[in-house]
Amino acid sequence: MLIPHDTRIALDTVVDLVNTAPEGAEADELKDVSSLHEFVRSHNVSDVGDLGEADLDTVRDVRGRFAEVFAAPDPRTAAELINQLVAGAGTTPQLTDHDGYDWHVHYFAPGASVANHLAADCGMALAFIVVAGEQERLRRCEAPDCGRAFVDVSRNRSRRYCDSRTCGNRLHVAAYRARRREAAG
């Protein structure tokens with residue numbers, strides 16, 4: 001699946017945002033405005049002014065709505081959720097070439113809040129996945145104790161774990177040990 005650079009960045013951002021509160025986990029990595037600042041900085045979210053408690057609350061709301069997209073049972077449901085997010089963000093597509101990146105599209109209005117910025121840009125990236133008929137690529141890790149979101153960009157849509165080196169390997173080792181115990185009797 002060919003994903004343009006700016007769409008890939010937005011998909012990585014939405015996955016990381018959803019994973020600040022993985023499914024089934026009680027911990028919230030967006031615990032305060034400082035952690036929101038760090039998220040914005042580490043993801044190079046551009047054109048964001050001062051952040052406050054209201055921004056934290058609205059970003060958490062957007063995160064929850066993105067999580068619903070990953071849990072959507074079918075493309076129609078995903079499309080409805082994405083449409084609501086993007087429309088609520090006041091989407092205003094604009095071509096831009098900033099910070100060393102070639103021309104790409106920003107979907108957020110100039111001066112938009114960080115929540116609207118994320119809803120518009122990340123929502124459009126998810127929209128492209130649905131339009132391409134690839135909604136099933138929006139997944140949750142199958143490791144029973146994980147629940148992290150990921151986008152399966154493997155050629156044959158076979159990825160099952162958020163990270164094969166951690167969750168995948170851990171489950172494969174556990175299965176191997178169980179087989180060895182069973183064989184030993």
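What volume does the second largest pocket have? Let's work through that and a few more exercises on this structure.

Before you start: this is a predicted model, where local features need pLDDT of at least 70, side-chain atom pairs count only at pLDDT 80 or more, and totals for chains, interfaces and linings use all residues. Residues are numbered from 1 along each chain as its sequence is written, and side-chain values use heavy atoms, with hydrogens and water left out.

**Exercise 1. Describe the second largest pocket.**

Step 1: get the term straight. On a 1 Å grid over the protein atoms alone, a pocket is an open set of points where a 1.4 Å probe fits, with protein on both sides within 12 Å along at least five of seven lines; lining residues have an atom within 4 Å of a point.

Step 2: read off the volume, about 160 Å³. A volume here is the space filled by probe spheres set on the points, and grid points are joined across faces, edges and corners.

Step 3: look at the walls. The lining includes Arg8, Asp12, Arg148 and Phe150. H1 gives the most, with five residues. Helices (H or I, at least four residues) and strands (E, at least two) are DSSP runs, numbered from the N terminus.

Step 4: sort by class. You get six nonpolar, one polar and five charged residues. Ala, Val, Leu, Ile, Met, Phe, Trp, Tyr, Cys and Pro count as nonpolar, Asp, Glu, Lys and Arg as charged, and the others, Gly among them, as polar.

**Exercise 2. Find which way helix H2 faces.**

Step 1: list the buried residues (under 20% relative accessible area, 1.4 Å probe, protein chains only). In H2, residues 33-42, these are Val33, Ser35, Leu36, Phe39 and Val40.

Step 2: look down the axis of H2. Its buried residues fall within an arc of 160°, so they line one face of the helix. The arc is that of the directions from the helix axis to the C-beta atoms.

Step 3: check the other face. Turned away from the buried side are Ser34 and Arg41, both exposed (over 50%).

Step 4: find the partners. The buried residues of H2 pack against H1, H3 (53-71) and H5; contact means heavy atoms within 4.5 Å.

**Exercise 3. Trace the contacts of Val114.**

Step 1: leave aside neighbours within four places in sequence.

Step 2: list what remains. Val114 is in contact with Leu36, Val40, Val45, Val48, Leu51, Asp55 and Val59. Leu36 and Val40 are also among the buried residues of H2.
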